[in-house]
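Me: Please take a close look at a single part of this model, namely the paired strands and the turns that link them. I should then like a connected account of how that part fits with its surroundings.

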Amino acid sequence: MLIIIEDFGLSVIRLFEYIGGLVFLFLETLGWIGRGSIRPRLTVEQMAILGVNSILIVVVTTAFAGAVLSLELAKQAVKFGVGRYVGGGVAIAMIREFGPMLTAIVVAGRAGSAITAELGSMKVTEQIDALMALATNPVRYLVVPRFLACIVMIPMLTMFANLAGTTGGGIVAYFLAGIEPHIFLNSIKNTVILSDLWRGLDKSIVFAAEIALVSCFQGLNTTGGAAGVGQATTGSVVYSIILIFISNFLLSAWLFPIH
Amino acid sequence: MNKEPMITIRNLTMRLGGRDVLHNVNLEIGRGETLVVMGLSGVGKSTLLKCMTGLLKPANGTIIIEGKDITKLKPAELNELRKNIGMVFQSPALFDSLTVGENVAFGLREHTRLPEEEIQRIVAEKLAIVDLEGMESLFPSQLSGGMQKRASLARTITTNPEVILYDEPTTGLDPIMSNVINELIMYLQKEFSVTSVVVTHDLESAFKIGNQIAMLYEAVIVEKGSPEEIKKSENPVVKQFITGSALGPIKV
């Protein structure tokens with residue numbers, strides 16, 4: 001029994017240590033950005049790696065998510081004779097929830113894991129030490145460009161996701177439920193307001209910061225050779241996704257209140 | 001040779017995993033001198049170097065380099081001092097996403113505003129010193145182990161540091177390549193009056209390049225002296241290490 005309590009206590013301490021580490025990394029990153037210490041070339045490089053290379057997977061996954069959402073909604077809506085509202089329902093769900101969240105999850109799996117693997121292997125092969133020995137701060141050189149790339153590119157990817165998901169939904173609504181495209185579009189126009197889009201993008205900025213910080217933190221704290229890099233990378237994806245889900249709920253409750 | 005100490009280490013204690021890896025270590029390294037720290041693998045030699053460049057913070061003690069106590073410097077001051085301390089890593093820690101040329105140019109691009117042509121000229125000059133002319137566009141993975149060590153050395157000397165710390169520079173290299181590295185270390189000392197600290201368990205290398213040799217065993221310096229004094233040492237630990245005997249006081 002004592003061992004269980006001890007283990008639980010240790011886990012709690014580790015959790016707080018981890019959160020503290022993330023907060024410190026966040027503050028240090030903001031500090032460098034605040035001082036204007038930004039490397040345009042490195043940041044653009046990271047934006048290309050992170051953003052451009054993730055477009056296809058983001059578009060495909062969200063298009064099908066939108067399609068399945070429309071399929072279920074349309075089935076019920078047509079049954080109750082309110083098929084003309086499906087477009088709005090799909091678009092709201094995509095723009096407020098699925099677009100930002102699915103994009104974040106896909107990027108955490110694809111780019112977040114790559115960031116951790118890269119920084120982690122740099123750590124275990126002493127490249128991070130070498131960077132410091134060459135009088136270069138690793139947060140400034142490695143974390144800031146990745147953080148900025150995430151903050152800029154993930155909201156952009158989210159916009160692609162919103163478009164892809166809504167289009168996927170529209171196609172399914174037309175072919176499987178017979179809802180004409182103009183009815184689908186009209187419903188979107190009547191339901192979605194611009195602030196839905198902005199708030200959805202605000203969420204994606206928070207997710208972007210979470211992915212960048214967790215993946216960089218995991219990478220910079222990797223220990224134990226190749227196996228350690230594997231563990232850090234898995235941890236990066238798992239922790240990012242957990243954080244995305246929790247913060248998504250909190251942000252939705254705050255940004256899109258019931259009343 | 002100027003004997004005024006460039007590096008002074010006083011009562012250095014470093015604790016890792018609940019045990020002292022270094023315990024009350026005292027060392028003095030004169031300007032332009034090469035100190036070799038030898039000892040078994042895993043005895044704390046690399047830890048000593050990492051403390052000397054501020055990568056690890058010791059539990060106790062002071063490390064004074066050029067009059068500044070590295071253990072008490074603020075991050076910005078530490079970085080300023082690091083520009084004058086080069087470190088050659090065991091791994092050899094070249095940035096694998098950058099070419100050899102970009103690796104060697106790293107310090108110059110980070111810390112100077114030299115024009116690109118001047119940077120290219122210095123890179124070519126440093127690569128020539130380590131016998132890697134024209135290899136600028138290759139990636140580290142395309143180099144052999146020995147070439148990687150030499151490229152790492154070129155990266156270290158680009159900014160002309162006065163102090164160079166070498167972590168097992170000859171480990172894993174064939175005897176000829178080890179000798180090339182030894183010659184390079186001696187060349188840098190002779191030509192540029194570089195103060196060096198070399199940690200190694202390669203005895204041949206230690207006796208060849210060291211002006212002073214210190215033996216680290218069980219977290220303490222058990223003996224320090226010139227190569228001749230070390231060779232004649234009556235200390236049973238030193239004797240056993242030099243002869244490579246399996247029998248003796250050294251616990252393996």
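Reply: In chain B, β4(B) and strand β5 (residues 68-69) pair in the antiparallel sense over 2 bridges. Here two strands are said to pair if DSSP finds at least two bridges between them. Helices (H or I, at least four residues) and strands (E, at least two) are DSSP runs, numbered from the N terminus. Residues are numbered from 1 along each chain as its sequence is written, while chains are lettered from A and ligands numbered from 1 in the order in which they are written. This is a predicted model, in which local features need pLDDT of at least 70 and side-chain atom pairs count only at pLDDT 80 or more, whereas totals for chains, interfaces and linings use all residues.

Within the pairing of β4(B) with β5(B), Ile65(B) stands opposite Lys68(B), and Ile64(B) stands opposite Asp69(B). The two strands form a hairpin with 2 residues between them. In that turn, Glu66(B) has a positive phi of about 50°.

On β4 (residues 60-65) of chain B there is a further antiparallel pairing, with β1(B), made by 5 bridges. Thr62(B) in β4(B) is the residue opposite Arg10(B). Strand β1 (residues 5-16) of chain B is also joined by 8 bridges to strand β2 (residues 19-30) of chain B, and these two run antiparallel. In this pairing, Ile7(B) has Ile29(B) of β2(B) as its bridge partner. The strands β1(B) and β2(B) form a hairpin with 2 residues between them, where Gly17(B) takes a positive phi near 60°.

Taken together, these strands make an open sheet of 4 strands in chain B, in the order β2-β1-β4-β5 and with antiparallel pairing. The edges are held by β2 and β5 of chain B; each has a single partner strand, so one side of each is left without a neighbour in the sheet.

Chain B also holds an open sheet of 6 strands, ordered β6-β7-β8-β3-β9-β10, with mixed pairing. Its edge strands are β6 (85-88) and β10 (220-225) of chain B, and because each has a single partner strand, one side of each lacks a neighbour in the sheet. From one strand to the next, the twist averages 15°. (Axes are lines fitted to C-alpha atoms, for helices over the stretch in contact, and angles run from 0 to 180 degrees between N-to-C directions.) At one edge, β6(B) pairs in the parallel sense with strand β7 (residues 163-167) of chain B over 4 bridges. Leu165(B) in β7(B) is the bridge partner of Met87(B).

Helices accompany this sheet. Helix α5 (residues 145-157) of chain B lies across β6 and β7 of chain B, running at about 170° to β6(B). Helix α9 (residues 236-243) of chain B packs on the sheet, where it touches β9 (212-217) and β10 of chain B. The direction of α9(B) makes about 105° with that of β9(B).

At the level of domains (bounds come from an automatic or database domain assignment), chain B is divided into domain 1 (1-84 + 167-252) and domain 2 (91-160). Their centres, taken over C-alpha atoms, are separated by 25 Å. Contact between two residues requires that their C-beta atoms, placed from the backbone, lie within 7 Å. By that criterion, 9 residues of domain 1 of chain B are in contact with 9 residues of domain 2 of chain B. The domain 1 side has 7 nonpolar, 1 polar and 1 charged residues. (Ala, Val, Leu, Ile, Met, Phe, Trp, Tyr, Cys and Pro count as nonpolar, Asp, Glu, Lys and Arg as charged, and the others, Gly among them, as polar.)

Chain B also meets chain A: 14 residues of chain B are in contact with 10 residues of chain A. On the chain B side, the elements that give two or more residues are α2 (75-82) and α3 (100-111) of chain B. The largest share, 4 residues, comes from α3(B). By class, this side of chain B has 6 nonpolar, 5 polar and 3 charged residues.

As for confidence, chain B averages a pLDDT of 92, pLDDT being the predictor's confidence in each residue, from 0 to 100. In chain B, 98% of the residues score at least 70. For the complex, the predictor gives an ipTM of 0.90 and a pTM of 0.90. Where pLDDT is low, the predicted coordinates should not be read in detail.
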